[in-house]
Amino acid sequence: MRERPGDNKEQEKYYSGKASKHTFKSQIIILPHAGDIVDVIAGEPGSKSDIILFRENRDNFDPKQKFKGDLGYLGEDLIDTPIKTPRNSKLTIDQKKENKEFSSKRVFVEHRIRSVKIFRVVQDRFRLNPKKYAEVILTICGLVRLRIGALILPTTIAPLPSG
């Protein structure tokens, strides 16, 4: 969530009708078993939907690359999503079983997203300069990568020259 912008045009740009507040949008792409954070998009206006944000940035990946996502990505041909419950009816037993299998494979990704949300920057009001939001999110993702051992650090550290 961000501070309410003073400019009316800025207010419309960052207002999320779903959340009923002014927000930033972030998207994190993670390897299937949550081994590493592959891509981070942060600081986008809150009015953008998940699927639009993905479509704007999918050129960074192989066109044949498949993804797994939640129902926010329903309708995108490159992203597998769970089966949505139809209005005024229920899912069949087979559909429920399929959704359970889907979520059991995706739970690791949700845990990795949780480890980014622990830092509370995503949920709480961001009181710094809005231009620094993406920088802060990228720093947090770097800390998470360091924690899970995905960040490759040099094995030896050369001393700084004195003088």
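The following paragraphs lead through a predicted model of a single chain, from its overall fold to its aromatic pairs, salt bridges and surface.

The chain contains four helices and six strands. In sequence order these elements follow the pattern α-β-β-β-β-α-β-β-α-α. Of the 163 residues, 30% count as buried. The accessible surface of the chain amounts to about 11,700 Å², and carbon and sulfur atoms account for 53% of that area. Contacts across the sequence give a further view of the fold: among those between residues at least 6 apart, 42% join residues at least 24 apart.

The aromatic residues offer a convenient route into the interior. Six aromatic pairs are present in the structure. In one of them, the ring centres of Phe-24 and Tyr-133 lie 4.3 Å apart with the planes at 15 degrees; because planes under 30 degrees apart count as stacked, this pair is a stacked one. Phe-24 belongs to strand β3 (residues 24-30) and Tyr-133 to helix α4, so the pair ties together parts of the chain that are 109 residues apart in sequence. Both partners fall under the 20% limit for burial: Phe-24 has a relative accessible area of 10% and is therefore buried, and Tyr-133, at 1%, is buried as well.

A second pair has another geometry. The rings of Phe-61 and Phe-67 have centres 5.3 Å apart and planes at 80 degrees, so this pair is edge-to-face. Phe-61 counts as buried at 18% relative accessibility, and Phe-67 counts as buried at 13%. These two residues also take part in an aromatic cluster, which is formed by Phe-54, Phe-61, Phe-67 and Tyr-73.

Phe-67 also provides a link to the loop between β3 and β4 (37-45), where Leu-31 is placed. The C-alpha atoms of Leu-31 and Phe-67 are 9.4 Å apart in space, while the two residues are 36 apart in sequence. Leu-31 is partly exposed, with a relative accessible area of 38%. Leaving aside residues up to four places away in sequence, Leu-31 touches Asp-36, Val-38 and Val-109.

The charged side chains come next. Nine salt bridges are found in the whole structure. One of them joins Arg-106 to Asp-70, with the closest N and O atoms 4.0 Å apart. This bridge links distant parts of the chain, since Arg-106 lies in helix α3 and Asp-70 in the loop between β5 (67-68) and β6 (79-80), 36 residues apart. The two partners differ in accessibility: Arg-106 is buried, at 10% relative accessible area, whereas Asp-70 is partly exposed, at 33%.

Arg-106 also meets the side chain of Glu-110 in a salt bridge, with an N to O distance of 2.8 Å. Here both residues lie in helix α3; because they are four residues apart, about one helical turn separates them. Glu-110 is partly exposed, with a relative accessible area of 38%. Arg-106 thus takes part in a bridge to Asp-70 and in a bridge to Glu-110.

Elsewhere, Arg-120 forms a salt bridge with Asp-124, the closest N and O atoms being 3.0 Å apart. Both residues are partly exposed, Arg-120 at 45% relative accessible area and Asp-124 at 32%. In addition, Glu-44, Lys-48 and Glu-56 are linked in a network of salt bridges.

Helix α3 also holds Ser-115. Ser-115 is buried, as its relative accessible area is 7%. A polar atom of the Ser-115 side chain lies 2.6 Å from the backbone oxygen of Arg-112.

The last feature is on the surface. Ile-118 is placed in the loop between α3 (93-117) and α4 (133-148). At 42% relative accessibility, Ile-118 is partly exposed. Together with Phe-119, Leu-143 and Leu-146, Ile-118 forms a nonpolar surface patch, and these residues have about 340 Å² of accessible area together.

Conventions:
Residues are numbered from 1 along each chain as its sequence is written. This is a predicted model: local features need pLDDT of at least 70, side-chain atom pairs count only at pLDDT 80 or more; totals for chains, interfaces and linings use all residues. Side-chain values use heavy atoms; hydrogens and water are left out. Patches are made of residues with over 30% relative accessible area and no salt bridge: like charges are joined within 9 Å, nonpolar side chains (Val, Leu, Ile, Met, Phe, Trp, Tyr) within 5 Å. Accessible areas come from the Shrake-Rupley method with a 1.4 Å probe; for residues, only the protein chains shown count as cover. Helices (H or I, at least four residues) and strands (E, at least two) are DSSP runs, numbered from the N terminus. Buried means under 20% relative accessible area, exposed over 50%, partly exposed in between (1.4 Å probe, protein chains only). Contact means heavy atoms within 4.5 Å. A polar contact is a pair of N or O atoms within 3.5 Å; within protein, one must be able to donate a hydrogen and the other to accept it, and residues adjacent in sequence count only if both atoms are side-chain atoms. Rings of Phe, Tyr and Trp (its six-membered ring) pair if their centres lie within 6.5 Å; planes under 30 degrees apart count as stacked, over 60 as edge-to-face and the rest as tilted.
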